[in-house]
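Here are some worked exercises to try with the model open in your viewer. Have a go at each task before you read its solution.

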Amino acid sequence: MTRSSQSATPSGTTAATARKYGSTIATMTIVTAAALRRTMVPMARASTAVTAASAAVPMITRSSAGSTPSFRIFEVANSPTASLTLRGITVSNGKASGFLGGAAANGGCILARFSGTPTSSTPTTLVLHDSSVEGCATGFLGSGGGIYLDSDTTARITHSSLSDNSAVVSGGGLYVHSGASAIIFGSTLTVNHALVGGGGVFVDSGASAGIAASVLTDNTTLGLGGGVHVAGTVDLTATQLLDNSAVLAGGGIYVDSGGLGRVHNGFLTDNTPAAGGGAPLTSSTPTARGGVPRATAPPMHNQPAPNRGRPTARHQR
């Protein structure tokens, strides 16, 4: 697919005048889903890459005007293969349009799904590098406020941020559905919220996530797992969970009875509450503190981490 650069579009106006199918983006404000389809082709059905046009803050955003209809920014799906790569891009203010759950309500800014016959060798792939997903929301009874990964999809999120996203059900920043996987490296997940569980990340049964050299902070839920809710398998390596909160249990991490959570050289600090979960969190080092669910042992006390430095994505606010 041949793509050319796009010029900025003034806030509050239609993006229809932007040059079609550009691979480089300055700033684009979108007021209708039809304009989005004309300019960005959000349903990526092959390999699609979107990169920054300049060192300025490149942004693809749904208009904040009150009359703007609800729509997500990107959807990537195909058989046998499809991929969407965002480099140096901020995607913001998407809102899924579905009302009663299901695919239409999931993934406020980005939905990755597989539309063919799933095979382990041909997953739908989402790549974020040096990018941000912020201020996005699900539809009613939806999950994955920022990003929703459906079955047989995979995501690689590096040096990026997911912030200020919200889900009516689970996974304020990111929801990883059964059969999907995610790798997060050198990134931040902050101020995301979910009503039911996984304010930052929700990893479903049969799904997996590896989170390394990252920070999850100030994520919240009214349910279980302010930072991370683990129903599948999660490995946290050299990662900090700071100041996350849950109303019911597992301020930092909540592990379901069938889930597996492992911490390697990580720090859980000042999360509330510190206890909860149906399965113990395993740790390869004695450095995990606070927000750790314990089924067979008393909760560990919060303890200041020796280094509260937070990796910063280029577009993090």
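**Warm-up: two aspartates in loops**

Asp 218 counts as partly exposed, because its relative accessibility is 34%; the cut-offs are under 20% for buried, over 50% for exposed and partly exposed in between, with a 1.4 Å probe and protein chains only. Before going on, note that this is a predicted model, where local features need pLDDT of at least 70, side-chain atom pairs count only at pLDDT 80 or more, and totals for chains, interfaces and linings use all residues. Residues are numbered from 1 along each chain as its sequence is written, and side-chain values use heavy atoms, with hydrogens and water left out.

**Exercise 1.** Find where Asp 218 sits and work out the sign of its phi.

*Solution.*
- Step 1: look in the loop between β22 (215-217) and β23 (220-221), and there's Asp 218. Strands here are DSSP runs of E with at least two residues, and helices are runs of H or I with at least four, numbered from the N terminus.
- Step 2: check the backbone; phi of Asp 218 is positive, about 60°, although the residue is not a glycine.
- Step 3: now try Asp 130, which has a positive phi near 55° and lies in the loop between β10 (124-129) and β11 (132-134). Its relative accessible area is 21%, so Asp 130 is partly exposed.

**Exercise 2.** Find the cis peptide bond that ends at Pro 273 and say which loop holds this proline.

*Solution.*
- Step 1: the bond runs from Thr 272 to Pro 273, and its omega is near -10°.
- Step 2: Pro 273 belongs to the loop between β30 (267-269) and β31 (282-283).

**Exercise 3.** How many helices and strands does the chain have, and how much of it is buried?

*Solution.*
- Step 1: count the elements, and you get one helix and 31 strands.
- Step 2: of the 317 residues in the chain, 54% are buried.
- Step 3: take contacts (heavy atoms within 4.5 Å). Among those between residues at least 6 apart in sequence, 73% join residues at least 24 apart.

**Exercise 4.** Which rings join Tyr 175 in a cluster?

*Solution.*
- Step 1: the structure holds two aromatic pairs. Rings of Phe, Tyr and Trp (its six-membered ring) pair if their centres lie within 6.5 Å; planes under 30 degrees apart count as stacked, over 60 as edge-to-face and the rest as tilted.
- Step 2: Tyr 148 and Tyr 175 are stacked, at 5.0 Å centre to centre with 5° between the planes. This pair links distant parts of the chain, 27 residues apart: Tyr 148 is in strand β12 (residues 147-149) and Tyr 175 in strand β16 (residues 174-176).
- Step 3: Tyr 175 and Phe 202 have ring centres 5.0 Å apart and planes at 5°, so this pair is stacked too. Here Tyr 175 in β16 is linked to Phe 202 in strand β20 (residues 201-203), again 27 residues apart.
- Step 4: put it together, and Tyr 148, Tyr 175 and Phe 202 make up a cluster. Tyr 148 is buried because its relative accessibility is 7%, and Tyr 175 is buried because its value is 10%.

**Exercise 5.** Trace the salt-bridge network around Glu 75.

*Solution.*
- Step 1: a salt bridge needs a side-chain nitrogen of Lys or Arg within 4 Å of a carboxyl oxygen of Asp or Glu. The whole structure has three of them.
- Step 2: Arg 72 bridges to Glu 75, with the closest N and O atoms 3.3 Å apart, and both residues are buried.
- Step 3: Glu 75 also meets Arg 113, at 2.5 Å from N to O. That pair spans 38 residues, from strand β6 (residues 74-78) to strand β9 (residues 110-114). Arg 113 counts as partly exposed because its relative accessibility is 22%.
- Step 4: the remaining bridge joins Asp 235 and Arg 262 (2.6 Å, N to O). Asp 235 lies in strand β25 (residues 233-237) and Arg 262 in strand β29 (residues 260-264), so the bridge ties together parts 27 residues apart.
- Step 5: shared partners join Arg 72, Glu 75 and Arg 113 into one network.
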